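User: I would like a close look at one part of the model below, followed by whatever else helps to place it in its surroundings. Please take the packing of the helices as the starting point and go on from there.

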Amino acid sequence: MALAVKGLEGIVAAETKSSFIDGEKGILEYVGIAIDDLARNSTFEETVFLLWNNRLPNKAELDEFTGMLRDRYELPPGMEQRLVALPTSAQPMHVLRTMVSALSMHDLEPNKVDLPSARRKALNILGHVPTLIAYFDRYRRGLPLVHPRKDLSFAANFLYMLNGKEPTPAMVRAFDICMILHADHGLNNSTFTARVIISTLSDMYSAITGAIGSLRGPLHGGANEEVMEMLGEIEKLAKEQGKDAMEVIEPYIMDRLKRKERIMGFGHRVYKTIDPRATFLKTFSKQIAADTGNLKLYEMSSKIEQIMAREVGSKGIYPNVDFYSATTYHSIGLKLDLFTPMFAMSRVSGWAAHCLEQLADNRLFRPAAAYIGPHAVAYAPIEKR
Ligand code: SDX
């Protein structure tokens, strides 16, 4: 029996038309369209249509899809009461995992998994997730819930529900771009999780719930929160030493590297050059940070990037999508523990795209394990153990 390929590194476990990644050249495409072109020209709603239909929509199709999504902004009756019964101290990713799972109780065909019902459920979840996150954040802050507005786009409506006021066009654009950049990314851990679950012909709610559990992990989507925590730690250290943050970055990073600690927001299983999403976010975060008085965070991030390029660039360790999304989300005014829920809000679209692909040409995932334990062991009675 062959020995296990740890982490399934390099193993092709599925075929997809959704996203293409060239880790050597730093290329990411959604259905063949370069991520930069989509970030500059598309909207999240249009990108979701692209991922779920393998082509861009015409105007009528986009208007219809957008309308169906907006019809699902509001939660099913009873969900609000369930949400505000949760402890205000609950962690947002745990709340999201729990509440997406609870959504299935309101579905009249919870176990149906043919393609049309899977699409319907995916749209339900995508429409409800921003509302669940915004409602919980308002509730835990002791603020009145702000109900969704169907006249607002996905990005604008989320920021409106979260802050209780209409966001500026610049904020909406920034958030919409972040949603586009995080939508899909090949067979990452959470997407693989979703495909594994749906391959048993379980339902879309179960698949997305499992994927949320995976994304929370700090080695995966949870890294963006850890990046922000690291920047905060550096600022605190500088204050304690009575120095400028820029002065303590070098010793801080070098010390952590010496201890073989991972610097969050760097490295990637596939990219061995800079993640193209990080490239786009780096430029973007500088602009949004400058506009919002957070330029220092950007400068700190840029200095960390220079040190890491010098120290571990030769090992193919470069910034990934999480590194500059931290500064971007902070500059938009999002609380740190909402960063990973933002990632999940966008990635619901990629998870669903892959589930639809899996259902269209399904084979139950059931890999082998290399048994390395003993054989022919006699059963010893308890008094003899
Ligand atoms: C995402 O898969 C996807 O596509 C994910 C994602 C998506 O869109 O879905 O792109 C989103 O999850 C981005 C990654 C976010 N995670 C982090 O930023 C956490 C920090 N990064 C790492 O833990 C790590 O880089 C991984 C988990 C992302 C990838 O790790 P691998 O492929 O398992 O690589 P490895 O652990 O085998 O490391 C190889 C070497 C090791 O050194 P040596 O033991 O060979 O001397 O590189 C070193 C590692 O110590 N290394 C790092 C490092 N990441 C790897 N050293 C310092 N800092 C880091 N961040």
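At what angle do helix 8 and helix 13 pack, and how far apart are their axes?

Analyst: Everything that follows describes a predicted model. In this model, helix 8 and helix 13 (residues 276–291) pack at an angle of about 165 degrees, and their axes are 11 Å apart. Because an angle over 145 degrees counts as roughly antiparallel, helix 8 is described as roughly antiparallel to helix 13. The crossing of these two helices is left-handed. On the side of helix 8, the contact is made by A170, R173, A174, I177, C178 and L181, and these meet R277, F280, L281, F284 and I288 of helix 13. Sorted by class, the residues of this contact comprise nine nonpolar and two charged ones, with no polar residue. The spacing of such residues along a helix can be read with a general rule in mind: an α-helix has 3.6 residues a turn, so residues three or four places apart point the same way.

Helix 8 (169–181) also has a part in covering another element, helix 7, since the cover over the buried residues of helix 7 includes helix 8 together with helix 2 (44–53), helix 3 (59–70), helix 6, helix 15 (321–332) and helix 16 (339–360). Nine of the 10 residues of helix 7 (residues 154–163) are buried, so this helix is largely enclosed by the rest of the structure. The buried residues of helix 7 are F154, A155, A156, N157, F158, L159, Y160, M161 and L162. One of them, N157, which lies in helix 7, has a relative accessibility of 1% and counts as buried because that value is under 20%. Leaving out residues up to four places away in sequence, N157 touches Y73, P148, R149 and L152. Just after helix 7, G164 takes a positive phi of about 75 degrees.

Helix 6, which is among the elements covering the buried residues of helix 7, takes part in a further helix pair. The axes of helix 5 (residues 92–103) and helix 6 (residues 115–140) come within 10 Å and cross at roughly 135 degrees, which makes helix 5 oblique to helix 6. Helix 5 passes helix 6 in a right-handed crossing, whereas the crossing of helix 8 and helix 13 is left-handed. From helix 5, the contact draws on P92, V95, L96, M99, V100 and L103, and from helix 6 on I125, H128, V129, L132, I133, F136 and R140. By class, the residues in the contact of helix 5 with helix 6 are 11 nonpolar, one polar and one charged.

Further along the chain, S190 is found in helix 9 (residues 189–198), and with a relative accessible area of 0% this serine is buried. The side chain of S190 makes a polar contact with the side chain of N188 at 2.8 Å and another with the side chain of W351 at 2.9 Å. Not counting residues up to four places away in sequence, S190 touches A211, S214, L215, H220, R347 and W351; W351 is therefore a residue that S190 touches and also a polar partner of its side chain.

After helix 9 comes the loop between helix 9 and helix 10 (204–215), and L201 is found there. Phi of L201 is near 65 degrees, a positive value in a residue other than glycine, and at 48% relative accessibility L201 counts as partly exposed. In helix 10 itself lies G210, which is partly exposed with a relative accessible area of 23%. Leaving aside neighbours within four places in sequence, G210 is in contact with T193 and I197. The C-alpha atoms of G210 and T16, 194 residues apart along the chain, are separated by 20 Å.

A positive phi in a residue that is not a glycine also occurs at A376, where the value is about 45 degrees. A376 lies in the segment after helix 16 and, with a relative accessible area of 86%, is exposed, whereas L201 is partly exposed.

Definitions and conventions: Residues are numbered from 1 along each chain as its sequence is written. This is a predicted model: local features need pLDDT of at least 70, side-chain atom pairs count only at pLDDT 80 or more; totals for chains, interfaces and linings use all residues. Side-chain values use heavy atoms; hydrogens and water are left out. Helices (H or I, at least four residues) and strands (E, at least two) are DSSP runs, numbered from the N terminus. Buried means under 20% relative accessible area, exposed over 50%, partly exposed in between (1.4 Å probe, protein chains only). A polar contact is a pair of N or O atoms within 3.5 Å; within protein, one must be able to donate a hydrogen and the other to accept it, and residues adjacent in sequence count only if both atoms are side-chain atoms. Contact means heavy atoms within 4.5 Å. Axes are lines fitted to C-alpha atoms, for helices over the stretch in contact, and angles run from 0 to 180 degrees between N-to-C directions. Angles under 35 degrees count as roughly parallel, over 145 as roughly antiparallel, 65 to 115 as roughly perpendicular and the rest as oblique. A crossing is left-handed if the near helix is turned anticlockwise from the far one by less than a right angle, and right-handed if clockwise. Ala, Val, Leu, Ile, Met, Phe, Trp, Tyr, Cys and Pro count as nonpolar, Asp, Glu, Lys and Arg as charged, and the others, Gly among them, as polar.
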